[in-house]
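I opened this notebook to record what I looked up on pockets and on strand pairing. The entries follow the sequence and structure.

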Amino acid sequence: MHFKYCPYCGTKAIMKEIGDEGEISYCETCKIPLWDMFSTCIICAVVNEQREVALLRQDYVSTTSYVCVAGVMKLGESAEETAKREVKEEIGLNVEELKFIKTYPYDKKEMLMIGFKASVKEAEFKLSGEVDLVKWFSFEEALSQLREGSIAWQLVKTVIEESTNE
């Protein structure tokens, strides 16, 4: 989100040189910089002991490609807590182990995605209302189910590559 008006007093923001940051929105009334804002989200490659990845279909996202478990962090929640909550909410599984992989800026949606490998025990899925379908895919077939180059594809590719080196 790019500020045109100060969220505190409503004054129209100006562009002002702020140190090494360059020109950014600034409120002359409150005397504060108005940093661009983005949503912080998690994305998880959920894997089981059989070297499979749980990929889901959410028709509001895509009817042709699968995606990974993902969700927005709530205020007061850590990224790790969000990852565990989202895996439980979306597919009904408990995360046994969580490993940070990488962050992924997603400019198109003004998001920062925090990527994790979420290890779970294979169990029956319990889908939330926002998930239309979830399936286990072997490491060999998982990447072909994701949109090539997408954040989910990059995350799963990294998890698969790291798993072969373990």
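The entries below treat the pockets and then one sheet.

Entry 1, status of the model. I note at the outset that this is a predicted model.

Entry 2, largest pocket. I looked up the volume of the largest pocket and found about 790 Å³ of space. The lining of this pocket comprises 31 residues, and those closest to its centre are V61, V67, Y106, K109 and M113. I then asked which elements each supply at least two residues of this lining. They are β4 (39-47), β6 (69-72), α1 (79-91), β8 (111-119) and α3 (151-164). The greatest contribution comes from β6, with 4 residues. Sorted by class, I recorded 16 nonpolar, 8 polar and 7 charged residues in the lining of the largest pocket.

Entry 3, second largest pocket. For the second largest pocket I noted about 190 Å³ of space. Its lining has 13 residues, of which V47, N48, E49, K117 and S119 are the closest to the centre. By class, I entered 7 charged, 3 polar and 3 nonpolar residues for the lining of the second largest pocket.

Entry 4, the sheet. I looked up the strand order of an open sheet of 3 strands and found β1-β2-β3, with antiparallel pairing. β1 (14-17) and β3 (32-33) stand at the edges with a single partner strand each, so one side of each has no neighbour in the sheet. I next examined how β1 is joined to β2 (residues 23-27): the two strands run antiparallel and share 4 bridges. As one pair, I recorded E17 with its bridge partner E23 in β2.

Methods. Residues are numbered from 1 along each chain as its sequence is written. This is a predicted model: local features need pLDDT of at least 70, side-chain atom pairs count only at pLDDT 80 or more; totals for chains, interfaces and linings use all residues. Side-chain values use heavy atoms; hydrogens and water are left out. On a 1 Å grid over the protein atoms alone, a cavity is a set of points where a 1.4 Å probe fits but cannot get out, and a pocket is an open set with protein on both sides within 12 Å along at least five of seven lines; lining residues have an atom within 4 Å of a point. Grid points are joined across faces, edges and corners, and a volume is the space filled by probe spheres set on the points. Ala, Val, Leu, Ile, Met, Phe, Trp, Tyr, Cys and Pro count as nonpolar, Asp, Glu, Lys and Arg as charged, and the others, Gly among them, as polar. Two strands pair if DSSP finds at least two bridges between them.
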